[in-house]
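Q: Could you take me on a close look at the place where the ligand sits in this protein? I am new to reading structures, so please go step by step.

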Amino acid sequence: MKYFTPTSQSNLGVKIQDINLAKDLSKQDIASIRELWVNYGIAIFPNQNLTLKEYENFSLQFGSFGEEPFLIPMQEHPHIVKLHRKSDEEATHFGGAWHSDWSFQGVPPSATLLYSEIIPPTGGDTLFANTADAYDDLSNVLKEKINNLRCLHSAKLPYAKDGVYATENKKRTMKIHTSDEANKTMSHPLVRTHRETGRKTLFINPVYTQEIEGLSKDESDALLFELYIHMAQNKYTFRHKWQPDMLIMWDNRTVIHMAEGGYDGHERLLHRITIAGDKTE
Ligand code: SIN
């Protein structure tokens with residue numbers, strides 16, 4: 001196994017080569033991958049050739065499967081969701097705004113894995129932002145102000161019955177189920193401590209974080225907006241460019257991410273798995 005640590009300012013994204021993820025990996029290999037993944041937020045494995053069963057087996061080395069609300073998984077693989085957009089599709093692409101996967105769950109997933117099958121010739125990159133570096137760089141005054149705050153998260157904006165995915169009238173290939181369940185809220189600390197790295201991170205995102213508890217709506221909106229602008233600066237972001245047969249695994253405790261469009265007229269197909277996480281604190 002050979003790896004290349006990031007050269008970009010964001011400190012995100014380690015490329016891991018000379019390893020066949022279809023094979024049974026040793027405990028030492030898994031431990032090394034885990035260490036690289038938590039330290040660099042995203043582990044990138046180019047040129048993998050996996051069946052979906054082998055993909056599931058690899059994922060399970062990092063914890064049990066997460067719960068997939070709202071997205072209808074593959075019938076034969078109930079823990080795999082197809083992220084599929086056809087070449088003639090007019091609906092907006094899925095996941096196009098900054099978020100941390102399922103942050104509205106009581107115990108949000110630690111890892112998300114994506115395995116690529118069909119990649120458009122242009123566009124369709126995935127962007128990531130480093131929420132640990134973004135926290136470290138805040139002024140002491142701002143850290144002091146946010147350290148003990150909590151936020152309410154919910155899936156309402158995209159997945160409620162009147163949410164974005166319900167009200168879009170263009171035909172979508174991905175099967176999404178909108179529901180009143182999306183209106184439920186869950187409280188998480190704004191500043192989260194990563195269990196494995198011990199680093200503090202900004203656990204907020206504009207898709208699922210609704211408000212900071214205990215502040216007026218205006219104060220909450222203003223503070224969240226200030227933090228989002230800060231987190232999305234170029235110095236914290238990493239642009240992942242896809243190739244077919246690439247597997248990536250990111251840490252939802254350290255990064256937020258968004259999918260970029262720009263590939264109308266071309267097909268894009270990836271398979272997604274989430275891995276159960278730990279309680280936020
Ligand atoms: C997502 O899981 O949010 C989508 C990422 C992507 O399609 O690049």
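A: Here is a walk through the space around the ligand, followed by a look at the open pockets.

Please keep in mind that this is a predicted model. Let's begin with the empty space inside. Rolling a probe the size of a water molecule over the atoms shows where empty space is left. In this structure, one cavity of 30 Å³ or more turns up. The largest cavity holds about 200 Å³ of space. Its lining is made of 22 residues, and Leu83, Phe94, Gly95, Ala259 and Arg268 are the closest to its centre. If you would like to find the lining along the chain, look at strand S4 (81-85), strand S14 (255-259) and strand S15 (268-275), each of which supplies at least two of the lining residues. By class, the lining of this cavity has nine nonpolar, seven polar and six charged residues.

Now for the ligand itself. The space that the ligand takes up is this largest cavity. Two elements, S14 and S15, give two or more residues to the shell around the ligand. The full set of residues surrounding the ligand is Leu83, Gly95, His99, Leu114, Thr126, His257, Ala259, Arg268 and Arg272. Sorted by class, this shell has three nonpolar, four polar and two charged residues.

Next, zoom in on the side chains that reach the ligand's oxygen atoms. In the side chain of His99, an N or O atom lies 2.9 Å from an oxygen atom of the ligand. For Arg268, a side-chain N or O atom is 2.8 Å from a ligand oxygen. Arg272 also takes part, with a side-chain N or O atom 2.9 Å from an oxygen atom of the ligand. How much of the ligand's surface does the protein bury? Taken alone, the ligand exposes 260 Å², and the protein buries 99% of that.

Let's finish with the pockets. The largest pocket has a volume of about 280 Å³. Among its 18 lining residues, Gly95, Gly96, Ala97, Tyr165 and Val207 lie nearest the centre. You may recognise Gly95 here, since Gly95 is also one of the residues surrounding the ligand. Helix H5 (156-159) and helix H6 (164-167) are the elements that give two or more residues to the lining of the largest pocket. Of these, H5 gives the most, with three residues. The lining of the largest pocket divides into 10 nonpolar, five polar and three charged residues.

The second largest pocket contains about 240 Å³ of space. Its lining includes Leu71, Ile72, Pro73 and Met74, along with Thr173, Met174 and Lys175. By class, the second largest pocket is lined by six nonpolar, three polar and three charged residues.

How values were computed:
Residues numbered from 1 in each chain as written. Predicted model: local features only at pLDDT ≥ 70, side-chain atom pairs only at ≥ 80, totals over all residues. Heavy atoms only, no water. 1 Å grid on protein atoms, 1.4 Å probe; cavity = no way out; pocket = protein on both sides within 12 Å on 5 of 7 lines; lining within 4 Å. Points joined across faces, edges and corners; volume = space filled by probe spheres on them. Helix = DSSP H or I, 4+ residues; strand = E, 2+ residues; numbered from the N terminus. Nonpolar A, V, L, I, M, F, W, Y, C, P; charged D, E, K, R; others polar. Near = heavy atom within 4 Å. Polar contact = N/O pair within 3.5 Å; in protein donor to acceptor, adjacent residues only side chain to side chain. Areas by Shrake-Rupley, 256 points an atom, 1.4 Å probe, with all protein chains shown as cover. Sits in = over half its atoms within 2 Å of the grid points.
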